[in-house]
Amino acid sequence: MIVGGGLKRWQQAAVAVGSAVGALLDPRRADLIAALGETTGKPAFEKVLQRMQSSPEGRGVLLERPRVISANVGHAWDLPENTFGAAYARFMGSRNFSPDDRPPVRFMDTDELAYVAMRAREVHDFWHTLFGLPTNLIGESALKVIEFEQMYLPMCLLSVIGGTARFSEKQRKLFYQHYFPWAIRAGVQCTDLMCVYYERHFHEDLEDVRRKLGIVPVPPVP
């Protein structure tokens, strides 16, 4: 899973700066955002790895290393409508998203850290589904707040700063009055989401999964 791991510090800094500039200029560049997350996030990923190793369910994820790819999650499209798996399938299908579109991990030093970085990337759409967040700029910025609280990745904070800088005045008011306060609370009160083996919960009722994980979905905009 490691491609180009073991970069020297100055090389990592150069990649991080270049990725940060590119991502701010074009937030749609998933490859640049991913590179920024990897080159600035190693200490955070190491702590996530430690937490996963201390959790029974997290250890199961590390042992089996499930990948969120079409071959592994395609059965979600056949699950009953009320299930978490079916909700994930609706989320992906309604946006014409594919779980195979995530860029590979390139800048981690070990296979284990590379897997944690890839897992963080691949569960992103599970979190969208569970928190009920849209994929527009406001929804992505709100989810990045939650991701920062869950993993303390610098990239998440930078993404929020970059995203909110692009808001219109109306969007900025909506984000800081509605989405931001909710995201701060939601990210703190839920369980450690990187320690969840989501695929094992596909067949469960969506609301039951939310309750089990302490997740409060985003309330409707008043």
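Trainee: In what order do the elements of the protein chain run from the N terminus on?
Mentor: Start with the tally: the chain has twelve helices and zero strands. Both are DSSP runs numbered from the N terminus, with helices being H or I over at least four residues and strands E over at least two. With that in hand, the order from the N terminus on reads α-α-α-α-α-α-α-α-α-α-α-α.

Trainee: What pLDDT do local features need here?
Mentor: Residues are numbered from 1 along each chain as its sequence is written, and side-chain values use heavy atoms, leaving out hydrogens and water. This is a predicted model, in which totals for chains, interfaces and linings use all residues, side-chain atom pairs count only at pLDDT 80 or more, and local features need pLDDT of at least 70.

Trainee: What share of the 222 residues is buried?
Mentor: Here's the yardstick: buried means under 20% relative accessible area, exposed means over 50%, and partly exposed sits in between (1.4 Å probe, protein chains only). Of the 222 residues in the protein chain, the buried share is 48%.

Trainee: And what percentage of the contacts with a separation of 6 or more comes from residues 24 or more positions apart?
Mentor: A contact means heavy atoms within 4.5 Å. Take the contacts in the protein chain with a separation of 6 or more; the part from residues 24 or more positions apart is 72%.

Trainee: Let's go to helix α8. Which of its residues are buried?
Mentor: Helix α8 covers residues 124–131. It is mostly covered, with eight of its eight residues buried. Reading along α8, they are H124, D125, F126, W127, H128, T129, L130 and F131.

Trainee: Which helices do those buried residues of α8 pack against?
Mentor: T129 gives a taste: leaving aside neighbours within four places in sequence, T129 is in contact with F84, A87, Y88, F91 and R210. T129 has a relative accessible area of 7%, so it counts as buried. Taken together, the buried residues of α8 pack against α6 (84–94), α7, α9, α11 and α12 (206–213).

Trainee: What about L130: how far apart in space are L130 and Y88?
Mentor: L130 is also in α8, and its relative accessibility is 0%, so it is buried. Not counting residues up to four places away in sequence, L130 touches F84, Y198, L206, V209, R210, L213, I215 and P217. As for Y88, it is 42 residues from L130 in sequence, and the C-alpha to C-alpha distance is 8.3 Å.

Trainee: At what angle do α9 and α11 pack?
Mentor: Two packed helices are described by the angle between their axes and the distance between the axes. Axes here are lines fitted to C-alpha atoms, for helices over the stretch in contact, and angles run from 0 to 180 degrees between N-to-C directions. For α9 (residues 137–151) and α11 (residues 169–189), the axes are 9 Å apart and the angle is about 30 degrees.

Trainee: Why do you call that pair roughly parallel?
Mentor: Angles under 35 degrees count as roughly parallel, over 145 as roughly antiparallel, 65 to 115 as roughly perpendicular and the rest as oblique. The angle of about 30 degrees therefore makes α9, relative to α11, roughly parallel.

Trainee: Now α3 and α7: how do they lie relative to each other?
Mentor: Helix α3 (residues 42–54) packs on helix α7 (residues 111–122) with axes 9 Å apart and an angle of about 90 degrees. So α3, relative to α7, is roughly perpendicular.

Trainee: Which residues of α7 make the contact with α3?
Mentor: From α3, the contact takes K42, F45, E46, V48, L49, M52 and Q53. From α7, the residues are E112, L113, V116, A117 and A120.

Trainee: What relative accessible area does Y152 have?
Mentor: Most residues other than glycine have a negative phi, and most peptide bonds are trans. Y152, in the loop between α9 and α10 (154–165), has a positive phi near 60 degrees. Y152 counts as exposed because its relative accessible area is 55%.

Trainee: And where is R65?
Mentor: R65 is not a glycine, yet it has a positive phi of about 45 degrees. R65 is partly exposed, with a relative accessible area of 34%. Its place is in the loop between α4 (56–64) and α5 (70–73).

Trainee: Last one: how many disulfides does the structure hold?
Mentor: A disulfide is a pair of cysteine sulfur atoms within 2.5 Å. C156 is buried at a relative accessible area of 1%, and C195 is buried at 9%. The number of disulfides in the structure is zero.
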